[in-house]
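Hello,

Here is the structure I said I would pass on. My notes on it follow below.

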Amino acid sequence: MSQTIPRRSLNLRRSVLSVPAINLRALEKSHSLDCDAVIFDLEDSVSPEKKEQARENLRAFFAGPPPEGKERIIRINSLSSEFGPADLDLVKALLPDAVLLPKVDGPRDITDMGDLLADADAPEELRIWAMIETPRGVLNAGAIAESGRTPGSRLDCLVVGLNDLRKETGVLPQPGRTYLVPWLMQVVLAVSAYGLDAIDSVFNDFRDEQGFDAECLQGRAMGFAGKMLIHPAQIEAANRHFGPDPAAIAEAEAIIAAFADPASDGLNVINSGGRMIERLHLVQAEALVHKARLISERKPAR
């Protein structure tokens, strides 16, 4: 019996920079940065007494031209907090590409947000991202991801938050993330089953280039689509590590060419260069070449 192949987003998400909405200079600078997505944060990076000012900053920022070639995500406070409802009203007014929900514990968090957006007649293009940063969130990662495949669901991406997860579990922030790897892989497995993206957690010391490189390599090897960043200095390395390398692009182009051969019409498995290639590899190859093309088109002319 054939199985539908889950399809992940074709958006670039190698580098996902978190920008405090209270920081006007950082907001303006986001226009010129080479990151793939920007999270405008109203939650952890904004103190309670500055929440309203942060929302006003975003109103003014969104009134101007959008950052070119970047997804725009607004990270709100929990809807159960005193700040959440006003944050959600802001999302409905500004219509970013996605709203990022903090501390998602289960699929009900996703469906409730989807209902609120539907009731507000928010466009289908307004997606939901979920922070997986609690023990229950990790335990329920599969169910959360599965909710992204129910009719009308807006769920598009899971973002791992290790700082909160470490705090709640007592796991120490050690190099290599030895005791966190099983939980990270659980999130990757969940999104892979349901065709979503997963973004790796932040690396807190932006001055430690060697440590950041190592964690990017690890995250890429695990299957994460990209990394959440706390500083513009981390963008170049994230783009490099999570972007397709020339050999992978060449292989993908060869797979596409092999299936384009008339002799491959109607075949789900073909022999190419002594390798058996399935049609699911064609889907993956097309996605990789598409992303490589997006990267190439976004680079400034030299």
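**Lysine 51 and its surroundings**

Lysine 51 sits in helix 2, which covers residues 51-63. Please keep in mind that the model is predicted.

Which side chain of opposite charge is nearest to lysine 51? It is aspartate 87, at 6.2 Å. Lysine 51 is buried and has no salt bridge, because a salt bridge needs a side-chain nitrogen within 4 Å of a carboxyl oxygen. The lysine 51 side chain does reach the backbone oxygen of leucine 42, at 2.9 Å. Beyond four places in sequence, the contacts of lysine 51 are Leu42, Glu43, Val46, Asn77 and Phe83.

**Annotated positions**

An unreviewed UniProt entry annotates residues 14-232 as "domain: HpcH/HpaI aldolase/citrate lyase". In the model, the C-alpha atoms at the two ends of residues 14-232 are 13 Å apart, and the span is 41% helix and 18% strand.

Under "binding site", UniProt (unreviewed entry) lists Arg75 and Glu133. They span 59 residues in sequence, but no two of their C-alpha atoms are more than 13.7 Å apart, so they gather at one spot.

Arginine 75 belongs to strand 3, residues 71-75. Its relative accessibility is 5%, so arginine 75 counts as buried. Leaving out residues up to four places away in sequence, arginine 75 touches Ile39, Phe40, Asp41, Leu42, Glu43, Asp44, Leu100, Met131, Glu133 and Met228. The two listed positions are therefore in contact with each other, by the 4.5 Å heavy-atom cut-off.

Glutamate 133 is in the loop between strand 5 (127-132) and helix 5 (135-139). With a relative accessibility of 1%, glutamate 133 also counts as buried. A polar atom of the glutamate 133 side chain lies 2.7 Å from the backbone nitrogen of lysine 103. Contacts of glutamate 133 beyond four places in sequence include Arg75, Pro102, Lys103, Gly161 and Asp164.

**Nonpolar cores**

In soluble globular proteins, nonpolar side chains tend to be buried together. Here the largest nonpolar core has 59 residues, and those with the most contacts inside it are Leu58, Ile74, Val99 and Leu158. Helix 8 (residues 181-194) supplies the largest share of this core, five residues. Apart from it lies another core of 14 residues, including Leu100, Met131, Val159 and Val202.

For isoleucine 74, the contacts outside four places in sequence are Phe40, Leu42, Leu58, Phe62, Val91, Leu94, Pro96, Ala98, Val99 and Leu100.

**Two other buried residues**

Leucine 90 is in helix 3, residues 84-94. At 0% relative accessibility, leucine 90 counts as buried. Its contacts, again leaving aside neighbours within four places in sequence, are Leu42, Arg55, Leu58 and Arg59. The C-alpha atoms of leucine 90 and serine 153 are 21 Å apart, with the two positions 63 residues apart along the chain.

Is aspartate 36 buried or exposed? Aspartate 36 is buried, with a relative accessible area of 2%. It is located in the loop between helix 1 (24-29) and strand 2 (37-41). Among the contacts of aspartate 36 beyond four places in sequence are Leu12, Arg13, Arg14, Lys70, Asn239 and Arg298.

Regards

Terms used. Residues are numbered from 1 along each chain as its sequence is written. This is a predicted model: local features need pLDDT of at least 70, side-chain atom pairs count only at pLDDT 80 or more; totals for chains, interfaces and linings use all residues. Side-chain values use heavy atoms; hydrogens and water are left out. UniProt positions are given in the numbering used here, feature names are shortened, and annotations may be inferred rather than shown by experiment. Helices (H or I, at least four residues) and strands (E, at least two) are DSSP runs, numbered from the N terminus. A nonpolar core is a set of buried Ala, Val, Leu, Ile, Met, Phe, Trp, Tyr and Cys residues joined through side-chain atoms within 4.5 Å. Buried means under 20% relative accessible area, exposed over 50%, partly exposed in between (1.4 Å probe, protein chains only). Lys and Arg count as positive and Asp and Glu as negative; His and the chain ends are not counted. A polar contact is a pair of N or O atoms within 3.5 Å; within protein, one must be able to donate a hydrogen and the other to accept it, and residues adjacent in sequence count only if both atoms are side-chain atoms.
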